[in-house]
Amino acid sequence: MASSAFAFPSYIITKGASTDSFKSTSLSSSRSLVTDFHLLFSRPISSGPKYQSAKSAKPESPVAINCLTDAKQVCAVGRRKSMMMGLLMSGLIVSQANLPTAFASTPVFREYIDTFDGYSFKYPQNWIQVRGAGADIFFRDPVVLDENLSVEFSSPSSSNYTSLEDLGSPEEVGKRVLRQYLTEFMSTRLGVKRQANILSTSSRVADDGKLYYQVEVNIKSYANNNELAVMPQDRVARLEWNRRYLAVLGVENDRLYSIRLQTPEKVFLEEEKDLRRVMDSFRVEKI
């Protein structure tokens, strides 16, 4: 879905969310597996004298020998089963205890390739695609709803870009992106204030030999708890949300492409490495 340059849609922000929350998608904690085995065996007790001479001692009957042998076999089998069950459970506990750490250290990404419109990027495999959101493509974390990304591009019929330098320097582009964000997040509610800062602007040449600009912005939203109060001390501003916004821009096919990612600031600090990998993977392709 094409749109004019920098006409970023306002659907990126999840409506109705007043605070940022992060629900981790971590695996369930290891369960405690404790099993007690009680195997009781009794040996036959002789009713005769404690010591007997060789002549007077009577040979044990085959039945008694067989009973004693069977008891020993049952005891041995029981001990082996107990040892095997103990080893199995201890291995299960260790494997379950190490599983979340191992999984967390190896995040899995999928690659989205749009050969028709000419762009590609990677995204976390657990993110879901939301259709009808207004962007050309839109993915969202199913747990942290305020964490999402989208791709937009300008229409070649209304614009003709040959290079990102047509837009100016990364700093100039950063100011334009910030103004666009503030326009989208404009609120008609009384007592609402947006505080925005450009954190960084940069340019890089990726492995495809093309130039990309990246802009990082932090935006905080404050709202008074009682805007209609007469006394100023009764109008206390509280933080509604605090989010990090990242945008990567590229030019190809006479179009300006942009991928935008938003996430709560606390979530960004925890997932920064993975989120930067998503943004660095954005590529524009010739069609």
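A residue is called buried here when its relative accessible area is under 20%, and by that criterion 6 of the 6 residues of strand β5 are buried in this predicted model, so that the strand is mostly covered. The cover extends to both faces of β5, with N148, S150 and E152 buried on one side and L149, V151 and F153 buried on the other.

The surroundings of β5 can be followed through its pairing. Strands of a sheet pair through backbone hydrogen bonds, either parallel or antiparallel. On one flank β5 pairs with β4 in the antiparallel sense over 4 bridges, and within this pairing the bridge partner of F139 is L149 of β5. β5 is also joined to β9 by 6 bridges, and these two strands again run antiparallel, with Q262 of β9 as the bridge partner of N148.

These pairings belong to an open sheet of 7 strands, which follow one another in the order β3-β4-β5-β9-β8-β7-β6 with antiparallel pairing. The edges are taken by β3 (128-129) and β6 (192-205), each of which has a single partner strand, so one side of each is left without a neighbour in the sheet. Further inside the order, β8 and β9 pair in the antiparallel sense over 10 bridges, and R260 in β9 is the bridge partner of A247.

Two helices pack on this sheet. Helix α2, residues 170-184, touches β6, β7 (211-224), β8 and β9, and its direction makes about 150° with that of β6. Helix α3 touches β5, β6, β7, β8 and β9, while its direction makes about 155° with that of β9.

The loop between β8 and β9 deserves a separate look, as it holds both N253 and D254. N253 has a positive phi of about 60° although it is not a glycine, and phi of D254 is likewise positive, near 60°, in a residue other than glycine. In accessibility, N253 is buried, with a relative accessible area of 12%, whereas D254 is partly exposed, with a relative accessible area of 37%.

The form of α3 also calls for attention. This helix has 16 residues, yet its end C-alpha atoms are only 19 Å apart, short of the 22 Å that a straight helix would reach at 1.5 Å a residue. A kink of about 85°, centred on E271, is found in α3. Among the buried residues of the helix are E265, V267, F268, L275, V278 and M279.

From the sheet and its helices one can turn to the nonpolar interior. The largest nonpolar core has 23 residues, of which Y119, F121, L149, I259, L261 and F282 touch the most other members. Two or more residues are given to this core by each of β2 (119-124), β4 (137-140), β5 (148-153), β8 (237-252), β9 (255-264) and α3 (265-280), and α3 gives the most, with 4 residues. F121 shows how such a position is surrounded: leaving aside its neighbours within four places in sequence, F121 is in contact with R110, E111, Y112, I137, F139, L149, V151, I259, S281 and F282. A second, separate core of 18 residues includes L164, L167, Y181 and F185.

Methods. Residues numbered from 1 in each chain as written. Predicted model: local features only at pLDDT ≥ 70, side-chain atom pairs only at ≥ 80, totals over all residues. Heavy atoms only, no water. Core = buried A, V, L, I, M, F, W, Y, C linked by side-chain atoms within 4.5 Å. Buried < 20%, exposed > 50% of the residue type's maximum accessible area, 1.4 Å probe, protein only. Contact = heavy atoms within 4.5 Å. Expected span 1.5 Å × (residues − 1). Bend = angle between axes of the 7 residues up to and from the residue. Pairing = 2+ DSSP bridges. Axes fitted to C-alpha atoms, helices over the stretch in contact; angles between N-to-C directions.
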